[in-house]
Amino acid sequence: MSSDETSAAPETAGPRPRRLTYAAALVALEGLALVVGGVCMLALGLSGDPGDRQQAVTGGVTLIVLALLPLLAARGLLGLRSWSRGPAVITQIMALPVAYNLLQADSLAIPAGIALAAIAVASLVLIVNGETTRALGIRGPGRASE
């Protein structure tokens, strides 16, 4: 097997659009934030009150596992994989209610809610952009033969 056969490059018309790279970076940023939040929650749970330990560990592990979805989607977007758009869109749709809840708090969570909402909306705009869709090789309904 040659190195060309093992690389499994997608069949696209050209290089990765800048918008797709930006979308992948934003989605990866969300994934990394989930990992950091999960690790912090685990650390605080393991060093804190024994009564809250189980809840903190469960929450931390859950955040780390949830981080896999945006991280895999970001990798797929960078690799021009058409399957990656779905998980990336789902991640943004899930982020919007979380941002809304953060905005309802009377605390330092409000700036985090603003940042999360801005990132989610910007990511959605970049992901559903026509240039991005074409680069990923996604065709609309009824266009399978094109």
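**Tour: a helix pair, a salt bridge, a surface patch**

Select R19, Y22, A23, L26, V27, L29 and E30 in α2, then L116, I119, A120, A122, S123, L126 and I127 in α6: these two sets are in contact with each other. By class, the α2–α6 contact holds 11 nonpolar residues, 1 polar and 2 charged. Keep in mind that this is a predicted model.

Now show both helices in full, α2 as residues 18-47 and α6 as residues 109-127. Their axes lie 9 Å apart, and the packing angle is about 145 degrees. The handedness of the α2 and α6 crossing is left-handed.

Stay on R19, which is one of the α2 residues that meet α6, and add E131 to the selection. R19 and E131 form a salt bridge, with 3.0 Å between the closest N and O atoms. The partners sit in distant parts of the chain, 112 residues apart: R19 belongs to helix α2, and E131 to helix α7 (residues 130-135). Searching the whole structure gives 1 salt bridge.

Next, switch to a surface view and select V61, V65, L68, L72 and W83. Together they form a nonpolar surface patch with about 490 Å² of accessible area. Two elements, α3 (50-66) and α4 (68-78), each give two or more residues to this patch. To end inside the patch, pick L72, which is found in helix α4.

Definitions and conventions: Residues are numbered from 1 along each chain as its sequence is written. This is a predicted model: local features need pLDDT of at least 70, side-chain atom pairs count only at pLDDT 80 or more; totals for chains, interfaces and linings use all residues. Side-chain values use heavy atoms; hydrogens and water are left out. Patches are made of residues with over 30% relative accessible area and no salt bridge: like charges are joined within 9 Å, nonpolar side chains (Val, Leu, Ile, Met, Phe, Trp, Tyr) within 5 Å. Accessible areas come from the Shrake-Rupley method with a 1.4 Å probe; for residues, only the protein chains shown count as cover. A salt bridge is a side-chain nitrogen of Lys or Arg within 4 Å of a carboxyl oxygen of Asp or Glu. Helices (H or I, at least four residues) and strands (E, at least two) are DSSP runs, numbered from the N terminus. Axes are lines fitted to C-alpha atoms, for helices over the stretch in contact, and angles run from 0 to 180 degrees between N-to-C directions. A crossing is left-handed if the near helix is turned anticlockwise from the far one by less than a right angle, and right-handed if clockwise. Contact means heavy atoms within 4.5 Å. Ala, Val, Leu, Ile, Met, Phe, Trp, Tyr, Cys and Pro count as nonpolar, Asp, Glu, Lys and Arg as charged, and the others, Gly among them, as polar.
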